[in-house]
Amino acid sequence: MGVLEHLQPNSVFRFFEELSAIPHGSTNTKAVSDWCVAFAKERNLEHYQDSANNVIIIKEATPGYENADPIILQGHLDMVCEKAPDCPKDMEKEGIDLVVDGDRIRAKGTTLGGDNGIAVAMALAVLDANDLAHPRVEVVLTTDEEIGMLGAVELDMSPLKGR
Ligand SMILES: [Zn+2]
């Protein structure tokens, strides 16, 4: 742990690092989906998980913003798994190895999953923050986007009030 620990905003990179430790290629999204549900439970946030492993997490408005329109933050949980020919990693079972390279983050021998992991990390950071003022935030995390938006097709949008 802690390859990204020194980077700011700290919570964004902490969640990105946690996510990177969980294998999450397309069609392999149960674990990452459960990680999001655990995040929501720990914080007592309203949440929904479906059989396609999509997750919706809702955080109510902070004082003064109850009448503002809800905001939807959307990202996808799956990544494209590619690796160098000499990389021994089993991306179905192993997380990726993050490397900070100057002002870039990359992964050792594999794709990074910055698409769309950084969106997931940012959305969780917003949900985690206690120092942000915001209207109702609805985080929508879908699966299998990279192979045809299969999760989004299955998504039950009825919990959402945002437009
Ligand atoms: Zn993508």
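**Notebook: core, helix 3 and a hairpin**

I started with the largest nonpolar core, which has 25 residues. Phe 16, Ile 57, Val 120, Ala 121, Val 139 and Leu 141 have the most contacts inside it. Next I looked up where the core residues come from: helix 1 (10-20), helix 2 (30-42), strand 2 (55-59), helix 3 (114-128) and strand 6 (137-142) each supply at least two. A reminder to myself: this is a predicted model.

I then picked Phe 16 and listed its contacts, leaving aside neighbours within four places in sequence. What remains is Leu 4, Gly 117, Ile 118 and Ala 121. Ala 121 is also among the core residues with the most contacts.

**The chain as a whole**

I counted 4 helices and 6 strands. Reading along the sequence, I get the pattern α-α-β-β-β-β-β-α-β-α.

How does the radius of gyration of the chain fit a compact globule? For 163 residues such a globule would have a value near 15 Å, and the chain has 16 Å, so the two agree. I also noted the span of the C-alpha trace along its principal axes, about 55 × 35 × 25 Å.

Buried residues make up 31% of the 163 residues. Of the contacts with a separation of 6 or more, 68% are between residues 24 or more positions apart.

**Helix 3**

I checked the length of helix 3 next. Its 15 residues, at 1.5 Å each, should span 21 Å, and I find the end C-alpha atoms 20 Å apart, which agrees.

Which residues of helix 3 are buried? My list reads Gly 117, Val 120, Ala 121, Ala 123, Leu 124 and Leu 127. They cover an arc of only 165° around the axis, so they sit on the same side of helix 3.

I wanted to know what covers these buried residues. The cover includes helix 1, helix 2, strand 2, strand 3 (71-76) and strand 6. Two of the names on my Phe 16 contact list, Gly 117 and Ala 121, are buried residues of helix 3.

**The hairpin of strand 1 and strand 2**

My last stop was strand 1 (residues 46-49), which pairs with strand 2 in the antiparallel sense over 4 bridges. Following one of them, I found that Tyr 48 has Ile 56 of strand 2 as its bridge partner. The hairpin has 5 residues between the strands, and there Asn 53 takes a positive phi near 70°. Strand 2 thus turns up in three of my entries: it supplies at least two core residues, it helps cover helix 3, and it pairs with strand 1.

How values were computed. Residues numbered from 1 in each chain as written. Predicted model: local features only at pLDDT ≥ 70, side-chain atom pairs only at ≥ 80, totals over all residues. Core = buried A, V, L, I, M, F, W, Y, C linked by C-beta atoms within 7 Å. Buried ≥ 20, exposed ≤ 12 C-beta atoms within 10 Å, placed from the backbone. Contact = placed C-beta atoms within 7 Å. Rg over C-alpha atoms; globule rule 2.2 N^0.38 Å. Expected span 1.5 Å × (residues − 1). Arc of directions from axis to C-beta. Pairing = 2+ DSSP bridges.
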